[in-house]
Amino acid sequence: MNVWSNEKYCDLANLVLGAVLFLSPWVFGFAAGAQSQNAWITGIVIAVLSIAALAAFAEWEEWLNLVAGLWVIAAPWVLGFPGTTAMTVHVVIGVIVAALAASELWMRYQNPPRLTAGS
């Protein structure tokens, strides 16, 4: 199986997750304030990084997606909204985004791109 196609699927999944996170304040009825603002901002960041990764793979995009996923996991405690629906949505999406970014980095290090005479 082609490693590059796996990376594209991960980026596409992160794009969808960014969109879900962005829309989650309306879908799940988050309270106004830090919960909604964090979901909107991080949803946009994850989606933009995913679009950039789909356009042209660069390792830094995956590292930033990993950091964004970890921030989404930590945000409920840092911003003060633990024990809410917003917390559950943030943690679940953050874990998936971070896992996808980590798996892409792992695939990249396991199968580094090779230059050939024909390319």
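# Chat about a four-helix model

User: What's the secondary structure here, in helices and strands?
Analyst: The protein has four helices and zero strands. Along the sequence the pattern reads α-α-α-α. Keep in mind that this is a predicted model.

User: How much of the protein is buried?
Analyst: Of its 119 residues, 40% count as buried.

User: And the surface, what area is exposed?
Analyst: About 6,500 Å². Carbon and sulfur atoms supply 73% of that.

User: What share of the contacts join residues at least 24 apart?
Analyst: 66%, taken among contacts between residues at least 6 apart in sequence.

User: OK, the core. How many residues are in the largest nonpolar one?
Analyst: It has 15 residues. Those with the most contacts inside it are Leu17, Leu21, Phe30, Ile46, Val89, Ile93 and Val97.

User: Which helices supply it?
Analyst: Helix 1 (3-28), helix 2 (34-55), helix 3 (59-79) and helix 4 (85-110) each give at least two residues. The largest share, six residues, comes from helix 4.

User: Why would nonpolar side chains be buried together?
Analyst: As a general matter, they tend to do that in soluble globular proteins.

User: Take Ile93. What does it touch?
Analyst: Leu17, Val20 and Leu21, leaving out residues up to four places away in sequence.

User: Switching to aromatics. How many pairs?
Analyst: Three aromatic pairs. In one of them, the ring centres of Phe28 and Phe30 are 6.5 Å apart and the planes sit at 20°.

User: Why is that pair called stacked?
Analyst: Because the angle between the planes is 20°, and the cut-off for stacked is under 30 degrees.

User: Are those two Phe residues buried or exposed?
Analyst: Phe30 is buried, at 9% relative accessibility. Phe28 is partly exposed, at 43%.

User: Which residues make up the ring cluster?
Analyst: Phe22, Trp26 and Trp40, linked by ring pairs.

User: Now helix packing. How do helix 2 and helix 3 cross?
Analyst: Their axes come within 9 Å and cross at roughly 170°. That angle is over the 145 degree cut-off, so helix 2 runs roughly antiparallel to helix 3.

User: Which residues meet there?
Analyst: From helix 2, the residues include Ala34, Asn38, Thr42, Ile46, Leu49 and Ser50. From helix 3, they include Trp60, Leu64, Asn65, Ala68, Trp71, Val72 and Leu79.

User: Tell me about Asn65. Where is it, and is it buried or exposed?
Analyst: Asn65 is in helix 3. It counts as buried, because its relative accessibility is 0% and the cut-off for buried is under 20%.

User: What is Asn65 in contact with?
Analyst: Leaving aside neighbours within four places in sequence, Asn65 contacts Asn14, Ile46, Leu49, Ser50, Val97 and Ala101. Of these, Ile46 and Val97 are also listed with the most contacts inside the largest nonpolar core.

User: And Leu79, buried or exposed?
Analyst: Neither. Leu79 is partly exposed, with a relative accessible area of 36%. Its place is also in helix 3.

User: What does Leu79 contact?
Analyst: Ala34, Asn38 and Trp71, again leaving aside neighbours within four places in sequence.

User: How far apart are Leu79 and Asn38?
Analyst: In sequence, 41 residues. In space, 8.8 Å, C-alpha to C-alpha.

Notes
Residues numbered from 1 in each chain as written. Predicted model: local features only at pLDDT ≥ 70, side-chain atom pairs only at ≥ 80, totals over all residues. Heavy atoms only, no water. Buried < 20%, exposed > 50% of the residue type's maximum accessible area, 1.4 Å probe, protein only. Contact = heavy atoms within 4.5 Å. Areas by Shrake-Rupley, 256 points an atom, 1.4 Å probe, with all protein chains shown as cover. Phe/Tyr/Trp six-rings, centres within 6.5 Å; stacked < 30°, edge-to-face > 60°. Core = buried A, V, L, I, M, F, W, Y, C linked by side-chain atoms within 4.5 Å. Axes fitted to C-alpha atoms, helices over the stretch in contact; angles between N-to-C directions. Parallel < 35°, antiparallel > 145°, perpendicular 65-115°, else oblique.
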